[in-house]
Amino acid sequence: MKKLKRFFGVLLLGLIVLVIGGRLGVGMMWKSALEKYGAEIAEVPVTVGSVWISPFAGKIHIESLSIGNPDGFKTSQAVSVERVDLQVEWRSLFREKTVIRELSLSGVEVTYERALLSSNLGVLSKTVQSKTKSKEALVGRLKKRVQADEVRVEGGKVKLTATLLGGRGIGVALPPLRLQNLGRDEQGITVVQLASEILKSLLENVVNLSSSPDSLKG
């Protein structure tokens, strides 16, 4: 009986190690993919702290996402996000269109740097948008169609600055951003198009904020 208990104990421990190791391994693969493809899409450095996946719950958690700035701008990064949470319908991963029930970004810090004729977010948005129409091999690898029922950006801050100021600026609160029903039609949208829509909406929100006198008080 003791040997049987020991056997099942070792078996259970092995299964736990296998599951945790598998999740960590998949998380490392996702981290590498996000950094690689993110940098190719935005043409700036992209770093990810960690990725944790709960396959049975249909959840993906991304920690510490950072998007760098295009060349010519003084600040070190354009966007940083403390955490990204996705609630995915896992059965849809095996279909032509993956359904994302909820995508939330919290602890968002945006740096809006104005140059003479452009801004860092404007350059980033145009770069990503151009990839949605590109015929590059990269876009072909990311042609998976998705549907995002709800996208939320919460707890955000914006640093408003100008290149001539060398990165110095003022900080203001970023109002919550909510997007719904992206790619709800049968065809859906690509991952690149989803990223473009989020970045474009974020840029519009920040531009409106920077042009509002009330937002700059204090």
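**Exercise 1. How many salt bridges does the structure hold?**

Solution. The structure is a predicted model, in which local features need pLDDT of at least 70, side-chain atom pairs count only at pLDDT 80 or more, and totals for chains, interfaces and linings use all residues. Residues are numbered from 1 along each chain as its sequence is written, and side-chain values use heavy atoms, with hydrogens and water left out.

A salt bridge is a side-chain nitrogen of Lys or Arg within 4 Å of a carboxyl oxygen of Asp or Glu. By this criterion the structure holds 14 salt bridges.

**Exercise 2. Describe the chain as a whole.**

Solution. Step 1: the secondary structure. Helices (H or I, at least four residues) and strands (E, at least two) are DSSP runs, numbered from the N terminus. The protein chain has 4 helices and 9 strands, and their order along the sequence is α-β-β-β-β-α-α-β-β-β-β-β-α.

Step 2: burial. A residue is buried under 20% relative accessible area, exposed over 50%, and partly exposed in between (1.4 Å probe, protein chains only). Of the 218 residues in the protein chain, 42% are buried.

Step 3: the surface. Accessible areas come from the Shrake-Rupley method with a 1.4 Å probe; for residues, only the protein chains shown count as cover. The accessible surface of the protein chain is about 12,900 Å², and carbon and sulfur atoms account for 60% of that surface.

Step 4: contacts (heavy atoms within 4.5 Å). Among contacts between residues at least 6 apart in sequence, 66% join residues at least 24 apart.

**Exercise 3. Examine three salt bridges and state the burial of each partner.**

Solution. Step 1: the side chains of glutamate 89 and arginine 101 meet at 2.4 Å, N to O. This pair links glutamate 89 in strand β3 (residues 77-89) with arginine 101 in strand β4 (residues 97-114), 12 residues apart. Glutamate 89 is buried at 16% relative accessibility, whereas arginine 101 is partly exposed at 39%.

Step 2: glutamate 102 and arginine 152 form a salt bridge of 2.9 Å, N to O. Glutamate 102 lies in strand β4 and arginine 152 in strand β5 (residues 145-154), 50 residues apart. Here glutamate 102 is partly exposed, with a relative accessible area of 29%, and arginine 152 is buried, with 18%.

Step 3: arginine 178 and glutamate 150 meet at 2.7 Å, N to O. The pair joins strand β8 (residues 177-182), which holds arginine 178, to strand β5, which holds glutamate 150, across 28 residues. Arginine 178 counts as exposed at 53% relative accessibility; glutamate 150 is buried at 16%.

Step 4: the network. Salt bridges with shared partners join Glu89, Arg95, Arg101, Asp149 and Arg184 into one network.

**Exercise 4. Which residues touch the most other members of the largest nonpolar core?**

Solution. Step 1: a nonpolar core is a set of buried Ala, Val, Leu, Ile, Met, Phe, Trp, Tyr and Cys residues joined through side-chain atoms within 4.5 Å. In the largest such core, which has 43 residues, Leu121 and Val158 touch the most other members. Helix α4 (residues 191-210) gives the most to this core, with 8 residues.

Step 2: the partners of valine 158. Leaving aside residues up to four places away in sequence, valine 158 touches Val110, Tyr112, Ile170, Gly171, Val172, Leu174, Val206 and Leu209.

Step 3: the helix that includes residue 121. Helix α2 (residues 120-131) has 12 residues and reaches 17 Å from its first C-alpha to its last, close to the 16 Å expected at 1.5 Å a residue. The expected span is 1.5 Å times one less than the number of residues. The buried residues of α2 are Asn120, Leu121, Gly122, Leu124, Ser125, Thr127, Val128 and Lys131.

**Exercise 5. Locate two residues with a positive phi and describe their surroundings.**

Solution. Step 1: most residues other than glycine have a negative phi.

Step 2: glutamate 43, although not a glycine, has a positive phi of about 60°. Glutamate 43 is in the loop between α1 and β1 (46-54) and is exposed, with a relative accessible area of 55%.

Step 3: asparagine 181 also has a positive phi of about 60° and is not a glycine. Asparagine 181 is placed in strand β8 and is partly exposed, at 46% relative accessible area.
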